[in-house]
Amino acid sequence: MKHLIPYLQDDQKAADYLRQLRWPDGVTCPRCGSDAVESRERCDNGLQRFNCVHCAACLGQQFAMFTDWTSSIFEESKLRPLEWLLVVGLWQLKLNATEIAAAADIQERTAQRCINLLDGGLYETYHLDPTRQLEHQVEADECYQSAGSKGLPREVERRNRAPRQRGLQLRGRATAETGRPPILGLVQRRDKTDPDAPAAQVYLEVLENVRTATIKPIIAAKVKGGSQFFTDEYNIYHFTKADYDHRTVNHGAGEYARRDPDGACVHCNTMEGMWSGLRNFLDRFKGISQRFLHLRVGRYEFLHNHGHLHWRQTFEAALQSIFSTTGDYLRRMTHQHRRMPLTLCYR
Ligand SMILES: [Zn+2]
């Protein structure tokens, strides 16, 4: 976080830095995209005001103003640029709302909202990015994360179901409905022969259940055809034989890794190691609501996939990603009061 210190002197410096990340090639109007903009006076909180000459002419007005934050997820926030900069830095350190509130000296509820905004922005632009695909050697595995409508009896009542059961009272594979949503993990192994190769790239999706019908479209969209595909013996993955070089290890028979005659190492150890990292991360939130689980998992995915970069590069990549969204996903999600079905996301 050291590189943030010069920008944390006052709101103007923080706003200037954030503007640089939003418009690295010069400020353009968020409404029409024109670069015919003129700087005006600053707002009280240090944000720069601009006038779009093009929009003003179209509207037949003298001015068409916008600020550094118009049409971004920060637009409706009352936090100052300096506070936001600090919050984003702490957010990247994977702190929870209580810790961020204490460190940035803001209300805990505000910190919670900030986290949801940042995670939601990243989820929309990074997690849902259809161009991100895995290839070469890909492992798949699933895990189950306890998540419920924690501490909200009203919510439990509204959805007309019994409170989440705790412990291992349930039989069979867990589902979102039984309070333990499965998470599907796909990971492209890091190319160990190339010292500059990026970290193992991972794709994590929170599911309603682990049926073939649920995971098939996700795997088809995220893993390039022809890749080597490693799983355990679980039969939901059998369909991948058609499009991938599918190989399995038989955990039931005590087999955890083997080398095939063609030299391929068959195992899911990369993905299984990832689960312990994810669990450590999710434990920081001290019980997690099902509504927000996928947003937290999305942040872990982003930070993991950028793990080979310098802290500052990751910070700037996250902010640039967040600046490219308007927060539309979160608004729709808030409206629905629940996690958006995947079918809606992949339209
Ligand atoms: Zn304009």
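This briefing describes a zinc site, the sheet beside it in the listing of elements, and overall totals for the protein.

The model is predicted, so local features require pLDDT of at least 70 and side-chain atom pairs count only at pLDDT 80 or more, while totals for chains, interfaces and linings use all residues. Residues are numbered from 1 along each chain as its sequence is written, and side-chain values use heavy atoms, with hydrogens and water left out.

**Zinc site**

- Four cysteine sulfurs, C29 (SG), C32 (SG), C52 (SG) and C55 (SG), coordinate the zinc ion at 2.2 to 2.3 Å; donors are N, O and S atoms within 2.8 Å of the metal (3.2 Å for Na, K and Ca), and sites may look incomplete because water is not among the atoms.
- The arrangement is tetrahedral because the four donor atoms subtend angles of 106 to 112° around the zinc ion; four donors count as tetrahedral if all angles lie between 85 and 135 degrees.
- For four tetrahedral donors, the ideal angle at a metal is 109.5 degrees.
- Along the chain, the donors of the zinc ion have the spacing C-x2-C-x19-C-x2-C.
- C29 lies in the loop between α1 (11–22) and β1 (37–42), and C52 in strand β2 (residues 48–52), so this pair ties together parts 23 residues apart in sequence; helices (H or I, at least four residues) and strands (E, at least two) are DSSP runs, numbered from the N terminus.
- C29 counts as buried because its relative accessibility is 3%, and C52 counts as buried at 0%; buried means under 20% relative accessible area, exposed over 50%, and partly exposed in between (1.4 Å probe, protein chains only).

**Sheet and helix α1**

- Three strands form an open antiparallel sheet in the order β1-β2-β3; two strands pair if DSSP finds at least two bridges between them.
- β1 and β3 (65–67) stand at the edges with a single partner strand each, so one side of each has no neighbour in the sheet.
- Three bridges join the antiparallel strands β2 and β3, and R49 stands opposite T67 in β3.
- Helix α1 packs on the sheet and touches β1, β2 and β3, its direction making about 160° with that of β1; contact means heavy atoms within 4.5 Å, and axes are lines fitted to C-alpha atoms, for helices over the stretch in contact, with angles from 0 to 180 degrees between N-to-C directions.

**Whole protein**

- The protein has 12 helices and 10 strands, and 49% of its 347 residues count as buried.
- Among contacts with a separation of 6 or more, 62% involve residues 24 or more positions apart.

Note on methods
Tetrahedral: all angles 85-135°; square planar, octahedral: opposite > 155°, others 65-115°.
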